[in-house]
Amino acid sequence: MNIFNNNLTIPYGLLEELPDPLLVFDQDFRILFTNEAGKKWVKSLGDAAGLNLWEEIPSFLREGLQTKLRSFNNQFPEQQVIECDVVDPLNRENYKVKLYLSGRDIILQICEASSEQVIERKILENHEQLLILQEAAHHIIYQEEPKALLDSLFSELSDYLNLEVYFNYILDQETQHIRLMNYSGIDEETAEELEWLKLGEAVCGKVAESKQKLIIENIQQSSDPAVSIVKKFGIEVYACHPLLFYGRLIGTLSFGTSKRTSFSAKELELLETVSNQVAAAFERTFLISELRNKNQELEQNYNKLLRNEKKYKNIFDGAMDGILLMDQTGLVLDANYSACTILDLTYNELVSQPYQSVIDILRLDTTNGEVWVRQKKGTPQSPGKLLEYSINNDHGFPGVMLFIFRDTTTKRMMINTLSEAKELAEKTSRSKSEFLAMMSHQLRTPLNTMLGYIQILAEDDTNPLNNIQNARVTKMLDSCNRLIRLTNEILDHLNLENGTQTLKLECVNLDNSLEEAIQGIQSVASEKSIQIKVEEKSGSDRQLFVEADAFRVKQILINILNNAVKYSPAEGNVEICHKVVGDFVRITVKDYGIGISEEYHKAIFEPFFRIYDPYFNIEGTGIGLTLVKNFVILMGGKVGVRSQPHQGSQFWFTLRLKKETLKH
Ligand code: ADP
């Protein structure tokens with residue numbers, strides 16, 4: 001209904017009374033009047049008179065009116081009301097706007113939309129929200145990457161709700177801080193500054209701590225320190241939701257904008273639903289990535305196992321010993337190459353068979369030993385193979401026994417042959433010794449008889465011998481003595497060898513022994529004009545007593561001195577000296593004879609060993625030094641030699657000093 005008459009002056013007083021917002025302006029769009037309700041629609045509020053209409057009214061209203069006027073070629077038709085519908089994008093309110101021409105001026109009336117229109121708008125809004133939720137569900141199901149998921153969700157929501165920023169913080173279990181993982185609407189540098197928040201710090205920290213959503217409106221007017229960060233970005237309204245999965249905090253998700261001052265209950269419901277869906281999607285993503293990691297770990301372990309198995313298989317197959325893997329019932333589970341070769345069976349003939357079918361005598365309760373096995377392909381007469389085996393239950397595979405074996409048939413045969421040969425050699429050696437002993441005994445009696453008669457001949461004063469006879473008898477005497485000494489030495493050696501030689505240890509005066517020994521070989525030394533010199537004693541030197549068998553000490557000295565004379569050139573010197581070393585006295589016999597090469601220093605003490613030198617061709621038996629060594633050792637001493645060819649020799653031996661000597 002047109003309430004204004006074109007020809008009338010506009011009654012501003014009446015307009016003032018009307019509840020709908022009214023603005024009056026002239027043909028140049030200069031504002032002339034605004035009623036009380038209309039003042040809210042102009043920027044300058046009560047003081048808009050004279051100002052340009054287009055600059056004062058909200059942009060959505062301006063755009064709607066200008067579009068409408070363009071359709072009338074910017075002319076106001078007389079007697080006609082111009083009507084158009086506009087929507088405020090901020091609060092999504094619908095308005096019906098009417099223009100009346102009144103004289104030369106125009107009245108602008110802004111009416112709330114009718115209830116049908118509101119219902120229509122609500123249905124539309126619900127539909128739009130449903131569409132957004134449907135889109136969100138799609139992203140949540142198909143988008144695995146959290147950032148991509150949130151970015152696409154945010155782009156959907158920001159179109160609808162005029163959003164400008166979102167922040168997604170995730171709880172770090174270790175530090176119990178929240179960390180900015182995904183965001184939009186701020187630059188990287190700012191994101192770095194906001195990366196970590198303590199629980200309770202700023203809006204997101206508070207939400208994380210309390211697990212309760214926080215919706216803050218009119219932020220620019222707020223003095224709450226918690227909102228200081230979002231306030232800096234010019235944000236007016238901020239909604240932060242905890243991301244919870246079965247009550248467990250995952251993080252927070254918050255949205256904000258400067259383009260509006262509040263969210264409607266419906267919009268907040270939408271943001272909450274989306275946040276809950278995001279929490280579920282994140283949990284799923286975390287589970288998937290955890291599963292992937294576990295899978296990867298499993299795969300790595302599996303590959304490691306495969307490599308190990310290959311390695312052990314190589315060792316198993318390459319082992320020289322035969323190896324059978326058996327279960328507790330004795331069923332063969334696996335066999336290596338050597339097992340097949342030793343038992344002369346194929347892999348299939350061995351595996352899945354009870355062990356008794358191949359190794360029938362083996363008792364599995366003995367952990368190692370030897371066993372004869374029948375050979376399948378052997379002749380009935382062949383004894384089979386001798387196996388040395390061990391059974392191992394303690395190798396980390398419960399229920400599996402390792403039967404490890406090697407073929408010792410050849411080794412056993414060789415041992416048998418060797419022990420037979422040894423027995424034969426011992427028997428031969430025994431016979432030789434018995435023969436030597438028998439011979440020496442048999443020779444000793446006639447030799448002693450001969451010696452007796454020769455001595456009678458030499459000493460018979462009633463029938464004195466002439467010079468020629470005397471020389472011959474002396475030679476016979478010498479030969480007899482040599483033979484008697486040889487037989488005695490052989491008998492001594494045999495007694496030492498079979499352990500029947502006994503010694504009579506007593507206190508022996510070393511000087512006396514030396515004197516007697518020198519006397520004993522004096523005639524031989526004189527024959528070669530060799531002088532035997534005993535080291536001069538200083539005045540303080542006392543007599544030395546040793547714990548020894550007097551007879552054997554003399555024998556040792558005679559043997560060494562005899563050699564020194566024998567292997568020295570005529571007119572040489574043999575020197576004897578001694579030195580007390582600890583509890584022992586060390587006696588050294590030094591000659592300047594043919595010497596001994598180092599390679600023989602050990603061998604000369606072995607029975608019957610002689611250094612053959614055709615140039616010197618010196619007679620001997622090779623038993624003297626053996627007796628020296630054995631008697632010295634029996635008396636608790638040591639013996640040795642220092643010598644070089646053509647540089648003489650020094651034979652030394654030690655004897656234990658008698659305690660009394662040590663005291664003096
Ligand atoms: P033999 O009766 O042959 O002398 P021994 O057992 O007394 O037997 O000595 C073994 C070997 O040691 C001798 O054959 C000789 O070659 C060597 N030998 C021993 N003493 C001397 C020495 N003083 N100088 C050089 N060679 C020696």
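What is the volume of the second largest pocket? About 570 Å³. The notes below cover that pocket, the ligand site and the largest cavity. Bear in mind throughout that this is a predicted model.

1. **Lining of the second largest pocket.** This pocket, with a volume of about 570 Å³, has 15 lining residues. Closest to its centre are Tyr-312, Phe-316, Leu-325, Phe-397 and Leu-402. By class, the lining splits into 10 nonpolar, 2 polar and 3 charged residues.

2. **Elements behind that pocket.** Three elements each supply at least two lining residues: α9 (265–318), β12 (322–327) and β16 (400–407). Helix α9 provides the largest share, 7 residues.

3. **Strand pairing at the pocket.** Two of the contributing elements, β12 and β16, are also partners in a sheet. They pair in the antiparallel sense over 6 bridges. Ile-323 stands opposite Ile-404 of β16. Strand β16 has another partner, β15 (residues 385–392), and this pairing is antiparallel too, over 6 bridges. Here Tyr-389 has Phe-405 in β16 as its bridge partner. When looking at side chains on these strands, recall a general point. In a regular strand, side chains alternate between the two faces of the sheet.

4. **The ligand shell.** Which residues are closest to the ligand? They are Asn-563, Tyr-567, Arg-610, Thr-621 and Leu-625, out of 20 that surround the ligand. The shell divides into 10 nonpolar, 7 polar and 3 charged residues.

5. **Elements around the ligand.** At least two shell residues come from each of α15 (550–566), α16 (624–634) and β23 (649–656). Helix α15 gives the most, with 3 residues.

6. **Polar contacts to the ligand.** Check three places. At Arg-610, a side-chain N or O atom is 2.3 Å from an oxygen atom of the ligand. At Asn-563, a side-chain N or O atom is 2.8 Å from a ligand oxygen. At Gly-622, the backbone takes part instead: one of its N or O atoms lies 3.2 Å from an oxygen atom of the ligand. Is the ligand mostly buried or mostly exposed? The protein buries 96% of the 530 Å² that the ligand exposes when taken alone.

7. **The largest cavity.** The model has 2 cavities of 30 Å³ or more. The largest holds about 100 Å³ of space. Its lining includes the aromatic residues Phe-167, Tyr-169 and Tyr-238. Leu-194, Leu-197, Ala-202, Val-203 and Cys-204 also line this cavity, as do Ala-226, Ile-229 and Val-230. Two or more of the lining residues come from each of β6 (165–172), α7 (202–210) and α8 (228–232). Helix α7 has the largest share, 3 residues.

8. **Make-up of the cavity wall.** How many polar residues line the largest cavity? None; there are no charged residues either, and the lining counts 11 nonpolar residues. Set this beside the other two sites. The lining of the second largest pocket has 3 charged residues, and the ligand shell has 3 charged residues.

How values were computed:
Residues are numbered from 1 along each chain as its sequence is written. This is a predicted model: local features need pLDDT of at least 70, side-chain atom pairs count only at pLDDT 80 or more; totals for chains, interfaces and linings use all residues. Side-chain values use heavy atoms; hydrogens and water are left out. A residue is near a molecule or strand if one of its heavy atoms lies within 4 Å of it. A polar contact is a pair of N or O atoms within 3.5 Å; within protein, one must be able to donate a hydrogen and the other to accept it, and residues adjacent in sequence count only if both atoms are side-chain atoms. Accessible areas come from the Shrake-Rupley method with a 1.4 Å probe; for residues, only the protein chains shown count as cover. Helices (H or I, at least four residues) and strands (E, at least two) are DSSP runs, numbered from the N terminus. Ala, Val, Leu, Ile, Met, Phe, Trp, Tyr, Cys and Pro count as nonpolar, Asp, Glu, Lys and Arg as charged, and the others, Gly among them, as polar. On a 1 Å grid over the protein atoms alone, a cavity is a set of points where a 1.4 Å probe fits but cannot get out, and a pocket is an open set with protein on both sides within 12 Å along at least five of seven lines; lining residues have an atom within 4 Å of a point. Grid points are joined across faces, edges and corners, and a volume is the space filled by probe spheres set on the points. Two strands pair if DSSP finds at least two bridges between them.
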